[in-house]
Protein chains: 2
Amino acid sequence: MFILNNHNPVPLYKQLYNQIREHVLSGKLLPDTRLPSVRDLAAELSTSRNTVEGAYQELYAEGYIYSKPRSGYFVSALDQDAAPLSLSRNLKAHKQLPGPPAIFPFDFHPARLDPESFPTALWRKCYSDSLRQNSQQLVQYGDPQGDWGLRCSIQSYLERSRGVLCNPDQIVICSGLQQGLDVVAHLLKDHHSVVAVENPGYFLPRSVFSNHSYKIFSVPVRPGGLDLDCLKASNSTIVYVTPSHQLPLGYVMPVANRLKLIEWAEEGGNFIIEDDYDSELRYHGRPIPSLQGLRPQGNIIYSGTFSKILSPALRVSYLVLPSSLLAKYRQLYRDYFPTVSLLEQRTLAIFMEQGHWERHVRRMRIIYKNKHNALLCAIEHYFGSRAVVIGQGAGLHLVLQLPGSSLSAVEINERARPKGVRLFPFSDFYLSGGPESTTLLVGFGGMTATEIELGIKLLSQVCNCPDIV
Amino acid sequence: MFILNNHNPVPLYKQLYNQIREHVLSGKLLPDTRLPSVRDLAAELSTSRNTVEGAYQELYAEGYIYSKPRSGYFVSALDQDAAPLSLSRNLKAHKQLPGPPAIFPFDFHPARLDPESFPTALWRKCYSDSLRQNSQQLVQYGDPQGDWGLRCSIQSYLERSRGVLCNPDQIVICSGLQQGLDVVAHLLKDHHSVVAVENPGYFLPRSVFSNHSYKIFSVPVRPGGLDLDCLKASNSTIVYVTPSHQLPLGYVMPVANRLKLIEWAEEGGNFIIEDDYDSELRYHGRPIPSLQGLRPQGNIIYSGTFSKILSPALRVSYLVLPSSLLAKYRQLYRDYFPTVSLLEQRTLAIFMEQGHWERHVRRMRIIYKNKHNALLCAIEHYFGSRAVVIGQGAGLHLVLQLPGSSLSAVEINERARPKGVRLFPFSDFYLSGGPESTTLLVGFGGMTATEIELGIKLLSQVCNCPDIV
């Protein structure tokens with residue numbers, strides 16, 4: 001009935017287990033059939049009693065067979081209809097790597113960082129220190145809100161450089177903006193259902209709040225930031241804004257509008273989500289101080305990230321919650337655990353405590369300022385008066401308007417690709433409508449100055465000679 | 001009017017900026033007041049024109065002042081009511097570390113791992129390799145579903161050791177069970193609103209689904225797993241189960257019940273969430289194969305973790321989604337980013353590819369088996385017939401029933417604490433009701449065999465002599 005093969009690498013007891021299991025599931029062995037005794041089956045198969053005993057124990061533990069005292073083992077009654085049709089593989093895992101993503105020598109993606117910029121040696125050293133100091137801490141979950149030392153480092157950095165005034169217990173370490181917004185969406189959903197977003201604006205907040213069943217209300221962006229009259233006329237009670245560097249248009253919200261926005265929040269019991277995603281990268285003068293610092297006790301949820309200066313692949317960001325939300329946060333997340341690795345949280349804390357972070361910020365500001373200037377020069381040289389540049393002077397991208405272009409942005413993108421030039425579609429930032437004239441988003445973080453110049457040259461050729469391409 | 005102090009470490013331009021800003025916000029400088037020219041103010045303050053120019057540029061960039069061509073700078077009209085009452089610090093950050101958590105020499109917490117067990121040297125080596133191989137990848141976000149190589153390693157491990165049959169593209173790398181369940185809650189919420197959970201059962205899934213506005217239906221647990229008749233009689237269309245090692249009671253769901261559960265899912269278009277959190281740790285015979293492997297094409301969402309074998313502080317877990325949910329997943333999470341650091345994902349992938357993971361699993365199984373046996377011996381020795389042990393033979397905890405105890409579990413916990421013995425409250429696992437007799441949850445992962453023995457001795461004294469304590 002059963003066949004054991006000594007040359008098969010599968011252990012004998014498991015061979016037997018597999019065969020009996022298959023007979024039970026296929027119905028070859030009927031329910032309540034008595035199995036041979038261990039001694040008899042071992043003799044029949046010329047194998048040891050341990051082999052049979054091992055197989056029976058497994059089958060028993062999983063419920064394929066049951067036992068009666070002093071009578072031995074019997075086949076369980078299973079629901080044959082629900083049993084798998086075949087135990088052999090009915091799907092074959094295909095493990096080929098999915099086709100590699102197309103590589104563009106001139107990739108103007110707005111979220112690419114300088115490929116040589118990651119401080120590998122320092123990071124390795126800090127990680128190694130973190131591992132040595134914390135190997136005993138790895139046996140438990142850690143603080144759900146994030147490592148205390150890292151929160152202290154972030155608090156003092158934010159106060160010094162961004163004018164954010166908070167206590168470390170208002171800071172929540174998150175695995176990226178999406179997770180931070182998940183937290184915010186949970187915290188506010190009992191009393192809020194409509195979120196206002198900038199249009200054009202970042203698509204991620206729209207996705208996260210939509211996934212949490214919020215209605216999304218889109219507010220046009222003017223050079224002074226989002227249109228406050230439009231916001232006030234809406235029934236939104238939450239607004240997501242990028243006041244220090246509007247994404248994607250690059251505008252700075254002037255302080256008069258900031259104060260009006262704060263007033264809107266205070267009068268209506270509304271909430272402001274301030275996404276301060278890349279404010280370290282301002283190439284003229286000081287970074288613009290945060291909205292939160294104007295009203296530290298207000299209903300302002302501040303969000304910052306390490307993705308733009310250090311690495312988007314590390315997945316570390318943070319929220320500063322207003323004091324008014326802390327009790328609710330603790331109630332909702334009481335049973336939760338941290339979302340970022342303790343080792344990398346501690347690595348980052350060490351990196352900050354030792355002063356590497358602020359040195360790195362300064363270094364990156366210089367690197368990106370040079371790329372930014374190279375891009376402006378190239379645009380001036382190759383586009384001249386055909387192009388209007390918006391949002392220069394900060395961040396990792398700028399916006400190029402081509403008022404006289406006979407080609408749409410989609411057409412330009414399509415024609416640029418075969419030349420190795422990739423543009424991130426500007427239309428992705430629009431929830432409704434679109435720009436009045438042909439508009440391109442030009443990120444410059446991932447390319448060298450030479451590549452930027454060549455890329456803009458190619459792009460200008462595409463835009464210039466639509467019929468030749 | 002303004003005072004600059006050369007001995008102040010704050011740069012001169014910033015001192016000037018701060019003073020003008022404060023005058024504007026406090027109303028001392030009225031709207032539309034013309035500021036002195038750069039040349040005049042520089043002369044008045046005996047400072048360089050660069051200092052004044054720098055301050056004006058900052059104030060202009062932030063909107064505190066505006067400019068008229070050929071007339072100079074003017075104070076902006078701000079809403080004074082909304083301006084901060086004082087720019088001086090109105091809250092003082094307190095950075096003292098919150099009081100250290102109480103340390104218990106005999107901590108029977110069920111989620112503590114062996115404090116010496118983390119493979120520090122190997123992990124450092126793999127992290128270092130990961131960093132060397134991927135420093136160029138750190139400039140972008142990476143695959144939102146998780147690193148492909150890690151998903152391939154998990155796929156083949158799950159097939160080999162857990163009988164899970166899937167393709168790597170069904171695997172989603174998550175930052176812990178909570179985040180995995182967040183994904184599931186999002187994926188299913190359009191057509192489902194009631195989740196059945198085991199009672200007693202793990203509290204985290206109840207929290208996550210409640211936070212997503214699902215109704216929670218609690219199903220009693222029997223020695224054969226959760227009560228299927230009760231489940232069928234409910235209006236739940238999702239069930240969260242721990243079939244291979246019920247948390248907290250330790251029961252294994254026999255295959256007959258597994259097949260019935262699968263049939264429940266198939267007939268009603270319902271979903272099973274199989275949490276296979278610690279199935280590697282089975283001390284007699286083979287680990288129990290997964291439910292997913294019985295019906296790889298069914299509506300079974302499989303969840304696994306690295307928290308029990310490697311470290312809960314790393315925050316890496318994974319979901320295996322059924323093929324039927326993949327399209328929806330991609331639609332909902334199209335705009336999202338990964339939730340786990342690329343470097344640690346790649347570290348784990350290297351750790352698995354080089355065979356360290358499976359060696360580590362075997363090592364941990366031996367370490368915890370010895371602790372488990374020491375605990376059983378100690379219970380036998382100090383409690384004898386007063387105690388009934390449930391759920392032994394697997395995992396990192398077992399359940400101790402004390403049918404004749406005159407003390408409640410809460411009383412025992414309270415009396416044990418002064419002796420340095422900490423017990424995780426068993427009642428936290430109950431959504432409703434509670435155990436019939438005094439029941440304790442005894443985790444053994446974090447203590448040595450000697451500590452376990454001493455801890456059980458102390459516990460037996462507490463339980464034995466209620467009046468002396």
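I looked up A:Asp129 and found it buried at 7% relative accessibility (buried is under 20% relative accessible area, exposed over 50%, partly exposed in between, with a 1.4 Å probe and protein chains only). This is a predicted model, where local features need pLDDT of at least 70, side-chain atom pairs count only at pLDDT 80 or more, and totals for chains, interfaces and linings use all residues. I number residues from 1 along each chain as its sequence is written, letter chains from A in the order in which they are written, and use heavy atoms for side-chain values, leaving out hydrogens and water.

I noted that A:Asp129 forms a salt bridge with A:Lys125, the closest N and O atoms being 3.0 Å apart (a salt bridge is a side-chain nitrogen of Lys or Arg within 4 Å of a carboxyl oxygen of Asp or Glu). A:Lys125 is partly exposed at 46%.

Next I checked A:Asp147, which forms a salt bridge with A:Arg346 at 2.8 Å between the closest N and O atoms. A:Asp147 is buried at 14% relative accessibility, and A:Arg346 is buried at 13%.

In chain B, I found a salt bridge between the side chains of B:Asp276 and B:Arg162, 2.6 Å from N to O. B:Asp276 is buried at 3% and B:Arg162 at 2%.

I counted 26 salt bridges over all chains. Across the interface of chain A and chain B, the rule finds 0.

Last, I looked up the contact itself (heavy atoms within 4.5 Å). It takes 107 residues from chain A and 107 residues from chain B.
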